[in-house]
2 protein chains.
Amino acid sequence: MQEDIMEKLDKHDLRKTIIRKDVLKIFVQAEGKALSSKDIEQALENPDRITLYRTLRSFEEKGLIHQAVDGSGTSKYALCSEDCTVHEHQDDHAHFHCTKCEQTICLETGPRSPVNVPEGYIVRRSYLVLEGLCRRCANP
Amino acid sequence: MQEDIMEKLDKHDLRKTIIRKDVLKIFVQAEGKALSSKDIEQALENPDRITLYRTLRSFEEKGLIHQAVDGSGTSKYALCSEDCTVHEHQDDHAHFHCTKCEQTICLETGPRSPVNVPEGYIVRRSYLVLEGLCRRCANP
DNA sequence: AAAAACTTGCAACTTTGTTGCAATAACCAT
DNA sequence: ATGGTTATTGCAACAAAGTTGCAAGTTTTT
């Protein structure tokens, strides 16, 4: 698993620094859960906030993680599937956002039916967010 | 039109103060375009920033405007359709977000096919965001 | 017209995120 | 392994977006 992390960093052309290993480990352990900068700050104790932001940006640029739009206002990130590359993210799945515990998870969703946009508009990506209560919060 | 605005405020149980009339007028004129707090600040000259935030919150609570999730990070709002009530928003349409000019518009979209969520999860609302270039930015 | 209820505007503060720069660590080639 | 190159870190300073408490000012109700 330690090797897994090293390999991932290597494959995505990222230097193996302590914080990167730590952050990536947290993402791997989170298993499809989207994490905010704050979540990670709390998991690691006292990482430099700025360095963390930059780590997240690098990870995203190199195709290791993707932003999970969830309507909560703050950015969240989740581990990409294996086939994301530096140049193009392939994370077309929807995200579920629990309004009670504020957790966001990636859903396994197939391709969506296309939506009509006005003449002349170009669609590059789309995000689908489902909002409601997760299992834990729905059944207290 | 002035009467229209007064009526809307009345119907939604909001006091008719100067800033509320002004802000609502801007939303009516924006015609389906989603506006950020900043957009409105610029349209009105020097409104109190805090009061504006509170105005937007009241409008949303009373079902006059709805948040338009667009993945841009900052909150945007657009006028609700007539049948939104205080208790339940009905704005199920998608939003288009132009990554160049940062404008967001409401799209007229029909009902979407439901997405599978894990056992026990409850979906209350969903947001669909299309991201790309608007007509103006796509054809320079 | 006065009382009650709500709204405004100000100060102060929090959270989230960015930039510039010197010091440091990782990587590559001897 | 050693050193040079290049990328990364950590700090300070800053900026944007948003919130809270409270006294003063408006609406609305009676």
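In the predicted model described here, helix H4 of chain A, together with helix H2 (18-30) and helix H4 of chain B, each supply at least two residues of the surface near DNA strand C. Helices (H or I, at least four residues) and strands (E, at least two) are DSSP runs, numbered from the N terminus, and a residue is near a molecule or strand if one of its heavy atoms lies within 4 Å of it. Residues are numbered from 1 along each chain as its sequence is written, chains are lettered from A and ligands numbered from 1 in the order in which they are written, and side-chain values use heavy atoms, with hydrogens and water left out. Because the model is predicted, local features need pLDDT of at least 70 and side-chain atom pairs count only at pLDDT 80 or more, while totals for chains, interfaces and linings use all residues.

The surface near DNA strand C receives the most from H4(A), which gives five residues. Of the 19 residues around this strand, A:Arg49, B:Thr17, B:Ile19, B:Arg20 and B:Arg54 come nearest. Sugar and phosphate make up 58% of the atoms of DNA strand C that come within 4 Å of the protein. By type, the residues of this surface divide into four nonpolar, five polar and 10 charged; Ala, Val, Leu, Ile, Met, Phe, Trp, Tyr, Cys and Pro count as nonpolar, Asp, Glu, Lys and Arg as charged, and the others, Gly among them, as polar. A polar backbone atom of A:Lys16 is 3.0 Å from a phosphate oxygen of DNA strand C, and a polar side-chain atom of A:Ser75 also lies 3.0 Å from a phosphate oxygen of that strand. For B:Arg15, a polar side-chain atom lies 3.2 Å from a sugar or linking oxygen of DNA strand C.

DNA strand D is surrounded by 18 residues, the closest being A:Thr17, A:Ile19, A:Arg20, A:Arg54 and B:Arg49. Of the atoms of DNA strand D that come within 4 Å of the protein, 59% belong to sugar and phosphate. An N or O atom in the side chain of A:Thr17 is 2.8 Å from a phosphate oxygen of DNA strand D. Bases are approached as well: an N or O atom in the side chain of A:Arg54 is 2.5 Å from a base oxygen of the strand, and a polar side-chain atom of B:Arg49 lies 3.0 Å from a base nitrogen. H4(B) gives the most to the surface near DNA strand D, with five residues. The residues of that surface comprise four nonpolar, four polar and 10 charged.

Chain B is superposed on chain A by a rotation of 178° with 0.0 Å of shift along its axis, at an RMSD of 0.2 Å; the fit is by least squares on the C-alpha atoms of residues with pLDDT of at least 70 in both copies. That is the relation of a two-fold axis. In chain B, the C-alpha nearest the axis is that of B:Leu128, 2.3 Å from it.

The contact (heavy atoms within 4.5 Å) takes 32 residues from chain B and 32 residues from chain A. About 2800 Å² is buried between the two chains, 64% of it on carbon and sulfur atoms; buried area is the accessible area (1.4 Å probe) that two parts lose on being put together, summed over both. B:Tyr121, B:Tyr127 and B:Glu131 supply 22% of the area that chain B buries against chain A, more than any other three residues.

How values were computed
A polar contact is a pair of N or O atoms within 3.5 Å; within protein, one must be able to donate a hydrogen and the other to accept it, and residues adjacent in sequence count only if both atoms are side-chain atoms.
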